Amino acid sequence: MKLPSNHCLTRLILNGARSKIELAEGAGRSFSSAIQADSQSEAAGDAGNISILTGNLSIKGGAFIASTASRSSGGNAGDIDILSTDSIEVVGTALNGASSGISVAVEAEAAGNAGNININTQKLSLANGGSILASNVCT
């Protein structure tokens, strides 16, 4: 999905309730798959919220879901809400060592607060470097 440069996305909703959502490392690429909402450097607004509804969610190979208030932004990181009727797995790292994960974060020199991570599932698996993280870096 490409948005016009003057458009602000405040909430991303993915609804795949009867299916599987899989994020994985791109073969031969220098980046992994991601679902991300950011408040960029020098921005005054908040990062967007992310809501995911699915049967199964798989995040592996350094892929991630994140809402971040970047360095020197004035906004807050958004919330991440995940409802998976069956399972969520967060597994492994990318070739460059980056962990697979779910995170809300405020980087150094940002004025805002980290968001919340709300997860509801029957089975949650974290393995081989996979992480769930909420952080607020103070300077």
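**A tour from a buried serine to a surface patch**

Begin by selecting serine 100, which lies in the loop that links strand E5 (80-91) to strand E6 (101-106). The model on display is predicted. Serine 100 has a relative accessibility of 0% and is therefore classed as buried.

Next, display the polar contacts of this side chain. In one, the side chain of serine 100 reaches the backbone nitrogen of glycine 61 at 3.2 Å. In another, a polar atom of the serine 100 side chain lies 2.9 Å from the backbone oxygen of glycine 92. Then expand the selection to the contacts of serine 100 beyond four places in sequence: these include Ile59, Lys60, Gly61, Gly62 and Ala63, as well as Val90, Val91, Gly92 and Thr93, and also Gly129, Gly130 and Ser131.

From here, proceed to the largest nonpolar core, which comprises 16 residues. Select Ile50, Ile52, Leu57, Ile59, Ile65, Ile80 and Ile82, the members that touch the most others. Two or more core residues come from each of strand E1 (11-23), strand E2 (34-39), strand E3 (49-60), E5 and E6. Within this core, centre the view on isoleucine 82; apart from neighbours within four places in sequence, it is in contact with Ile52, Leu57, Ile65, Ile88, Ile102, Asn118, Ile119 and Asn120.

Finally, turn to the surface and select Leu124, Leu126 and Ile132, which make a nonpolar patch of about 240 Å². Leucine 124 belongs to strand E7 (residues 117-127). Its relative accessibility is 42%, so leucine 124 counts as partly exposed, whereas serine 100, where the tour began, is buried.

Definitions and conventions. Residues are numbered from 1 along each chain as its sequence is written. This is a predicted model: local features need pLDDT of at least 70, side-chain atom pairs count only at pLDDT 80 or more; totals for chains, interfaces and linings use all residues. Side-chain values use heavy atoms; hydrogens and water are left out. Patches are made of residues with over 30% relative accessible area and no salt bridge: like charges are joined within 9 Å, nonpolar side chains (Val, Leu, Ile, Met, Phe, Trp, Tyr) within 5 Å. Accessible areas come from the Shrake-Rupley method with a 1.4 Å probe; for residues, only the protein chains shown count as cover. A salt bridge is a side-chain nitrogen of Lys or Arg within 4 Å of a carboxyl oxygen of Asp or Glu. Helices (H or I, at least four residues) and strands (E, at least two) are DSSP runs, numbered from the N terminus. Buried means under 20% relative accessible area, exposed over 50%, partly exposed in between (1.4 Å probe, protein chains only). A polar contact is a pair of N or O atoms within 3.5 Å; within protein, one must be able to donate a hydrogen and the other to accept it, and residues adjacent in sequence count only if both atoms are side-chain atoms. Contact means heavy atoms within 4.5 Å. A nonpolar core is a set of buried Ala, Val, Leu, Ile, Met, Phe, Trp, Tyr and Cys residues joined through side-chain atoms within 4.5 Å.
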